Amino acid sequence: MTDDSPKSPHAPVLLAEVIEALAPAPGDVVIDATFGAGGYTRAILKTGAQVVALDRDPTVQSHADAVANDFRGQFQLIRTPFSGLAQAFADSGKAKLDGAVFDIGVSSMQLDQAERGFSFMRDGPLDMRMSDEGATAADIVNTWDHGPLAHIFKLYGEERQSGRVATAILRRRVEQPFTRTLDLAEVVEKALGGRRGAPIHPATRVFQALRIAVNDELGELERGLEAAEATLAPGGRLAVVTFHSLEDRIVK
Ligand SMILES: C[S@@+](CC[C@H](N)C(=O)[O-])C[C@H]1O[C@@H](n2cnc3c(N)ncnc32)[C@H](O)[C@@H]1O
């Protein structure tokens, strides 16, 4: 099955596999915990099932309005992180949850908008929040001590030279705090000795680590999966699409 919506700016991954795993039937209720641009939601709605969609990003609202218009009475969006899944389902007024799907990570809309601060390729404010609440990436690199910074670069970014990067960040922020993505990317690149023909940008792992920390992505995933398990009806189905091994380990 493909997403034939002309409005979708995010190409949903593994859509056919997700629909096969969820096997939604007319009248079923499914939670799409990562609404995004609504690619999964639209495919689920086309089967005649109902969707309670969740997303922590307020900018998905325009996509939700379009879906609500195309599938009247079948769809609602609740703005919440995964950890609010059980409460959101209770608030939806639905009696029984037949399926839930998580498409983990950031959307291409989030990555492509320089002003969201996720990209080391486009200059923007050093933000990286999926929602509009909580500490930004700039708050973290400008205030955390060496130990915790090096720890997240190693743990969440699998950056082997995590200590060296943390040292470079602490040295630089004394002179001038970080505010922009390209500024941080340059400092990280220099700390790691430049590109030297590396297949990926040297700042890739540090940016991934900061994004995971800013959004507490792994903690949210754990709490979301626990909530889904507790909320699903007996025989209900759960489908999770992961992007990297840290998420994969939690799901398994
Ligand atoms: C990869 S995109 C999903 C794309 C979607 N499947 C589609 O077809 O358009 C992930 C979405 O989940 C949201 N998200 C990620 N982590 C979240 C969390 N912990 N709680 C709520 N929403 C989250 C992001 O804001 C983003 O919009």
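**Close-up 1. Gly93 comes right after helix 4 and has a positive phi, near 80 degrees.** Helices here are DSSP runs of H or I with at least four residues, and strands are E runs of at least two, both numbered from the N terminus. This is a predicted model, in which local features need pLDDT of at least 70, side-chain atom pairs count only at pLDDT 80 or more, and totals for chains, interfaces and linings use all residues. Residues are numbered from 1 along each chain as its sequence is written, and side-chain values use heavy atoms, leaving out hydrogens and water.

**Close-up 2. Helix 4 (residues 85–92) has a buried side made of Leu85, Ala88, Phe89 and Ser92.** These four lie on the same side of helix 4 because they cover an arc of only 100 degrees around the axis, taken from the directions from the helix axis to the C-beta atoms. An α-helix has 3.6 residues a turn, so residues three or four places apart point the same way. Turn to the opposite face and you meet the exposed residues Gln87, Ala90 and Asp91. Buried means under 20% relative accessible area, exposed over 50%, and partly exposed in between, with a 1.4 Å probe and protein chains only.

**Close-up 3. Strands 1 (29–32), 2 (50–55), 3 (75–79) and 4 (97–103), together with helix 11 (217–231), pack against the buried residues of helix 4.** Contact here means heavy atoms within 4.5 Å.

**Close-up 4. The largest pocket, with a volume of about 890 Å³, lies between two domains.** Domain 1 (15–108 + 217–251) and domain 2 (132–214) both give residues to its lining, so the pocket sits between them; the bounds come from an automatic or database domain assignment. A pocket is an open set of points on a 1 Å grid over the protein atoms alone, where a 1.4 Å probe fits, with protein on both sides within 12 Å along at least five of seven lines; lining residues have an atom within 4 Å of a point. Of the 43 lining residues, Ile104, Gly105, Val106, Ser107 and Arg211 are the closest to the centre of the largest pocket. Helix 10 gives the largest share of this lining, four residues.

**Close-up 5. The second largest pocket has a volume of about 290 Å³.** Its volume is the space filled by probe spheres set on grid points joined across faces, edges and corners. Among its 14 lining residues, Glu159, Gln161, Leu192, Ala198 and Arg205 lie nearest the centre.
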